[in-house]
There are 4 protein chains.
Amino acid sequence: MELNSNLLPRPLRGIIPPMVTPLMDRDTLDAAGVERLIEHILAGGVDGLFILGTTGEAPSLSYRLRYELIERVCARVKRRVPVLVGITDTSFVESVNIACKAKDAGAQAVVLAPPYYFPAGQAELLEYLKHLAPELPLPLFLYNMPYYTKLVFEPEMVQAAAEIAGVVGLKDSSGKMVYFHQLQSLLKDRPDFSLLIGQEELLAETILLGGHGGVSGGANLAPRLYVDLYNAACSKDLSAVESLRRKVMQISTSIYSVGKYESSYLKGLKCALSCMGICNDFMAEPFHRFRQAERKVIRRHLEELGIMEKR
Amino acid sequence: MELNSNLLPRPLRGIIPPMVTPLMDRDTLDAAGVERLIEHILAGGVDGLFILGTTGEAPSLSYRLRYELIERVCARVKRRVPVLVGITDTSFVESVNIACKAKDAGAQAVVLAPPYYFPAGQAELLEYLKHLAPELPLPLFLYNMPYYTKLVFEPEMVQAAAEIAGVVGLKDSSGKMVYFHQLQSLLKDRPDFSLLIGQEELLAETILLGGHGGVSGGANLAPRLYVDLYNAACSKDLSAVESLRRKVMQISTSIYSVGKYESSYLKGLKCALSCMGICNDFMAEPFHRFRQAERKVIRRHLEELGIMEKR
Amino acid sequence: MELNSNLLPRPLRGIIPPMVTPLMDRDTLDAAGVERLIEHILAGGVDGLFILGTTGEAPSLSYRLRYELIERVCARVKRRVPVLVGITDTSFVESVNIACKAKDAGAQAVVLAPPYYFPAGQAELLEYLKHLAPELPLPLFLYNMPYYTKLVFEPEMVQAAAEIAGVVGLKDSSGKMVYFHQLQSLLKDRPDFSLLIGQEELLAETILLGGHGGVSGGANLAPRLYVDLYNAACSKDLSAVESLRRKVMQISTSIYSVGKYESSYLKGLKCALSCMGICNDFMAEPFHRFRQAERKVIRRHLEELGIMEKR
Amino acid sequence: MELNSNLLPRPLRGIIPPMVTPLMDRDTLDAAGVERLIEHILAGGVDGLFILGTTGEAPSLSYRLRYELIERVCARVKRRVPVLVGITDTSFVESVNIACKAKDAGAQAVVLAPPYYFPAGQAELLEYLKHLAPELPLPLFLYNMPYYTKLVFEPEMVQAAAEIAGVVGLKDSSGKMVYFHQLQSLLKDRPDFSLLIGQEELLAETILLGGHGGVSGGANLAPRLYVDLYNAACSKDLSAVESLRRKVMQISTSIYSVGKYESSYLKGLKCALSCMGICNDFMAEPFHRFRQAERKVIRRHLEELGIMEKR
């Protein structure tokens, strides 16, 4: 574990974008798109890269493709920033398998949401983590994502899990800041334990009030914006925070809000990257890419946001 | 498809037990247990065998183990009854992969619940099925299981899906008989389309009111009981129905109700099979087997039910 | 309690329609409609009348109007059948108040779903009933309606509640027959405790398998149909059950399924009664009556069902 | 409306505590406790007083008692701060009735969550508000409280509702700051429309990022603490925010977290006020007050927090 994790600060801080997975079709990576996307993101000054999360459509991808992605990403990033790899799975054994691939490819950490078919109790979840962590060759971030997994990592459980060797942080995508603040209170004596926020709409307050970083989907599009907001919040520059946050909210209420789908965020993000010429917008089932009408709306939003030039 | 599916009646009728997966540990089959369990079930006169469903803990198992199970089961059953194989997965590609293994091993049909990480809309689900069915080498049963998958196959959607070539039936585990009766109304002109019920507590009324069969978990323990109840209901023998149904309810309120876990059904069923000497009761994470105190309660229930002799 | 409750059989059996509340506007009864509706329902041979339930829009009505309805109904029914009055409320004191009005007006029993703002635990619910029952001047039916109240009366809790003096039965509108069958098992030594089913789509199996009756909304429209189905099921005449049940399902999939509203059942029912000339179709906020286009569809359905003559 | 609403700033800003309702028993106010509690709260420098909300157990109280409370509170407050009165009800007519009482007693505004028995659609909710607002004699605050009401006031709907004459603000208790920030974006051209936060754990970020105030339950106990935090956040004094916020989180993780009840917040708050000698801790059904063991824990927490002196 040593060599890889040398790269991993404790706590991990800053912007760690959850990378979109560029696809040509349901089982073929857009390999050139992957490389362009990595360079686009890294050019923004981010502090890590998280692949195979929800934004990366991981549960919809075959294992073969996930393994290919891990290798391509690690090979391209070349240790410029830490790579975190999602290993969330309903099967304990498959989670370990992915983690081993990640280690071999040169990643720095893995990220796990609760197994999401059978709803386990909190005691069962803790036992799960106690069995799993020793089998993993990389440090582990927990991923609280109750909307998709149905299960919450309850605050007291996280406090107990933080005592397990190898468990180094948590990403919260519950959208409930009371939960996030409870974790901060319970873990106040663990300054090395990373507390990261999923929703980019909550990044400003997270950093202003002592959180460590953000796993901001919009940083696929505009990485510098999120890095700037993170830095402004770190240095308590409230007027810069206010103006940067306004842009972040604009992305949220435009790019992520086309149509009234649960999946508007994912579809909008991938469509925007395609409009920008960065990667293909094919989506794995059960979703499909935006059609022409919606694509025009996304393109107009990108122009209004100043991310693309007006034609 | 022809050879295998010759074995598959249209509609499929009767008792098709959802087989428990006997395990030695989290990634090792209890191979001898698998064989004993198959013979125990088939001796009860069942009309099919469904492996890798919820009762089979499929989502918790590695793909390697699932493939091994498919092969062992098909080899042992030797076409005495149709084998149905669960292919539910969050990844389209992996569902197809399992279906191909099932075909190669000699199974007769596959069973699919909706992909259960990203919540798709009904139109997306229908499109999913339209893309998937042509890729499958075996007939497909839909599996409505909203408690675990969060998604319902809505009645109108099932009506549309029943038009897709290869879609031959539906197993409903929603527990909502109004839904089941709506399907019966909507599909009344499709007498070849199987409508099967999951909950064994609802088997009597399902058959009395025109349903085709039951995927009854308790038939792992006492296959003859469920076959007898099915037959009594088919022949409208209401007094036999009443006394057999009472036994079915007793299993439900005893074996499946030890402790107050969501998982009491699964744990109780596997523990009972172990008490009966049929197979190991190891459970894949996130669950664990019953401990000694609970095992004693299960044993006492089995004695009271007359399934095991009193010591 | 004696005089009124002489009228109340133990257990109460048969069809007890949940009466629609005819309104002229949001705080005015359609008094003539109430009378016509009562006579229409009673002419069908029903075994009781339940007012101020969900179908009666009780939570949307002012207390003044509820009290007026209680008086008018009891005065019109004149003890021809037992009148049951809904007293569900978030306030204990107001539930008692309504029950006292019901007693004074000559009703025979009251019906209570759990208080539905604050979600109480099962122990709190049981305590609630232990405090409430002694304050009530009439026998009490529990009303399990988790969709609207968020709370379930769990089976073990019902078993305990059935020991409280004055608690005489339960109406289940959960739609979960497993729950209903569990209650039957747990209360098999209490033949005087009424178990009634809400959903009319489940009436046939309820009666065939030992339940006592149905609180069938469609009996506002076609009371004789539900009474006939109840009688056929009591006498185990399965072929009559089958043909009557088909008509019940037709009402469900036509009259209750216009538009895609949660409230289609209520709107369709009230609209149909208006088409039939029985009462006004005004609905209390937050709903509104069907408009002309939907009304035409309802009218066509009524003709196809043979409830109204074709024009 | 003019005279009363002169007292109501637009937008309303600051700390507006949701007052606990002191009770002697289920239908008797603790009248002396009401007066002590009002003086305790007002001494803390708050900007308003909100009665008959969730914290005030309004849905559990009889109308008679609610009316008595409105009169006593208005008489005691004597226009020192604006009084806001909860009128949430399942019945449109009863909401209007309470609003009229509030006007007559001298209150300045009313507060309404969606009717919470029948789940209305967003269009129905908007129509509800369009019908209701003209019937109300006082300005109206919306109250977003999906946990208890099951219904959200969706952002676009709030934007439309803000155009209705008399609708002057919204209190959000969803706990979802993304929602709150969306409202801020959508209403950025309506600086007179108050956006208030329910959860006190979110007060700091709300004010730092442009929200107007907080309806903080803890201000029943320690009003000055919340007023100080509000002021520190208004003046962007981040170090004061940090230390005050730590105390607010301590109240949340101690006083509100005794036992594992959904109702721990309410029980803890009322118990603490009783320990402090301010008012009785009787709770309306379906809840009951803390027993002796839990009361000792609350008392110890109050001492540790410095709210009470150590004995």
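These legends accompany several close-up views of a predicted model.

**View 1. Helices α2 and α3 of chain A cross each other.**
Here we look at helix α2(A), residues 31-42, and helix α3(A), residues 63-77. Their axes come within 10 Å and cross at roughly 45°. That angle makes α2(A) oblique to α3(A), because it falls neither under 35 degrees nor in the 65 to 115 range. The crossing of these two helices is right-handed.

**View 2. The residues where α2(A) meets α3(A).**
From α2(A), the contact takes in Ala31(A), Val34(A), Glu35(A), Ile38(A), Glu39(A) and Leu42(A). On the α3(A) side you will find Leu69(A), Arg72(A), Val73(A), Arg76(A) and Val77(A). Sorted by class, the contact holds 7 nonpolar and 4 charged residues, with no polar ones. A helix reminder may help when you trace the side chains: an α-helix has 3.6 residues a turn, so residues three or four places apart point the same way.

**View 3. Tyr67(B) and its surroundings in chain B.**
Tyr67(B) sits in helix α3 of chain B, which spans residues 63-77. Is Tyr67(B) buried or exposed? Its relative accessible area is 17%, so Tyr67(B) counts as buried, the cut-off being under 20%. Leaving aside residues up to four places away in sequence, Tyr67(B) touches Glu94(B), Asn97(B), Ile98(B) and Lys101(B). For a sense of scale, Ala161(B) is 94 residues from Tyr67(B) in sequence, and their C-alpha atoms are 28 Å apart in space.

**View 4. Helix α8 of chain C is mostly covered.**
How many of the 10 residues of α8(C), residues 177-186, are buried? The count is 7. They are Met177(C), Val178(C), Tyr179(C), Phe180(C), His181(C), Leu183(C) and Gln184(C).

**View 5. Cysteines in a structure with 0 disulfides.**
A search over all chains finds 0 disulfides. Cys100(D) is accordingly in no disulfide, and the nearest cysteine sulfur, that of Cys74(D), is 14 Å away. Cys100(D) counts as partly exposed because its relative accessibility, 33%, lies between the 20% and 50% cut-offs. Over in chain A, Cys234(A) is partly exposed too, with a relative accessibility of 39%.

**View 6. Two pairs of chains that do not touch.**
Chain A and chain C make no contact, and their nearest C-alpha atoms are 17 Å apart. Likewise, no contact joins chain B to chain D, where the closest C-alpha atoms lie 17 Å apart.

Methods. Residues numbered from 1 in each chain as written. Chains lettered and ligands numbered in written order. Predicted model: local features only at pLDDT ≥ 70, side-chain atom pairs only at ≥ 80, totals over all residues. Heavy atoms only, no water. Disulfide = S-S within 2.5 Å. Buried < 20%, exposed > 50% of the residue type's maximum accessible area, 1.4 Å probe, protein only. Axes fitted to C-alpha atoms, helices over the stretch in contact; angles between N-to-C directions. Helix = DSSP H or I, 4+ residues; strand = E, 2+ residues; numbered from the N terminus. Parallel < 35°, antiparallel > 145°, perpendicular 65-115°, else oblique. Left-handed = near helix turned anticlockwise from the far one by under 90°. Contact = heavy atoms within 4.5 Å. Nonpolar A, V, L, I, M, F, W, Y, C, P; charged D, E, K, R; others polar.
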